[in-house]
Amino acid sequence: MDVPFLDIVVFGAIAAFLVLRLRSVLGRRTGHERPPTQGLPAARPGVSRRTAEEPARANGSERPPAAAPANGSTAMAPAAESGLARISLADRSFTPDSFLAGASAAFTAIVTAFAAGDRDTLRDLLSESVARDFEAAIDAREKNNATQQTEIVAIDRAEIAEAGMDGTLARVVVAFTSRQKNATLDSEGRIIAGDPNEVVEVADEWTFARDTRSSDPNWALVATRSPA
């Protein structure tokens with residue numbers, strides 16, 4: 001039976017709203033779509049929720065070991081080098097390589113948990129303010145009886161874009177480019193946004209932070225943004 005016209009209008013409005021919410025917390029499509037060529041990295045997250053004050057601006061992101069340069073060096077922008085050196089002085093256990101491995105695994109865990117509506121996992125991986133934003137998007141989705149399907153095909157880029165210290169708080173910005181399959185379904189399982197079989201390229205910039213005085217070695221995701 002055909003979907004009534006009113007249902008189409010309603011589902012279209014819901015889809016538009018959910019797409020905007022998704023982009024606001026998880027980045028944007030670049031429009032460059034490629035077939036999958038590699039699997040997900042297998043690093044452990046190493047990121048937990050923190051109570052440190054979140055930055056006023058979102059400028060962070062990061063990359064998985066699977067996307068590391070062929071020469072084995074850590075991917076980082078020249079502007080990040082001095083900031084990473086300051087972090088290393090404040091935290092002798094910090095290394096860019098291990099940080100990127102953990103951040104890349106956290107990226108996969110967070111995106112997957114958001115799609116599944118797994119609030120408990122998100123609270124463990126995000127700062128309190130970012131967790132509220134993610135949960136608001138999940139609440140809106142569930143209120144409309146919609147579900148999200150997301151598969152990360154590969155993380156092609158994870159680069160330290162910025163780094164620095166704000167007092168004792170270390171901040172690292174990581175730029176991710178990933179290939180994903182995304183679709184939003186209504187309560188009957190009908191697609192109202194996206195395509196579960198279409199691979200799209202998504203760009204994200206995520207900021208992670210950690211109080212270097214803390215005995216807890218884990219970092220928290222404290223801000224997200226889509227690159228301009």
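This passage describes two helices, a nonpolar core and one glycine of the structure. The model is predicted, so local features require pLDDT of at least 70 and side-chain atom pairs count only at pLDDT 80 or more, whereas totals for chains, interfaces and linings use all residues. Residues are numbered from 1 along each chain as its sequence is written, and side-chain values use heavy atoms, with hydrogens and water left out.

Helices (DSSP runs of H or I, at least four residues) and strands (runs of E, at least two) are numbered from the N terminus. Helix α3 comprises the 21 residues 96-116, and its end C-alpha atoms lie 30 Å apart, in agreement with the expected span of 30 Å; that span is 1.5 Å times one less than the number of residues. Of these 21 residues, 15 are buried, so α3 is largely enclosed by the rest of the structure. Buried denotes under 20% relative accessible area, exposed over 50%, and partly exposed in between (1.4 Å probe, protein chains only).

The largest nonpolar core contains 34 residues, and Phe99, Ile110, Leu126 and Phe208 have the most contacts inside it. Its largest share, 9 residues, comes from α3. Such a core is a set of buried Ala, Val, Leu, Ile, Met, Phe, Trp, Tyr and Cys residues joined through side-chain atoms within 4.5 Å.

Gly117 follows just after α3 and takes a positive phi of about 70 degrees. This residue lies in the loop between α3 and α4. Its relative accessibility is 15%, and Gly117 therefore counts as buried. Beyond residues up to four places away in sequence, Gly117 touches Ile138 and Arg141 (contact: heavy atoms within 4.5 Å).

In helix α2 (residues 81-90), Gly83, Leu84 and Ile87 are buried. The cover over the buried residues of α2 includes α3, β2 (147-166) and β3 (169-185).
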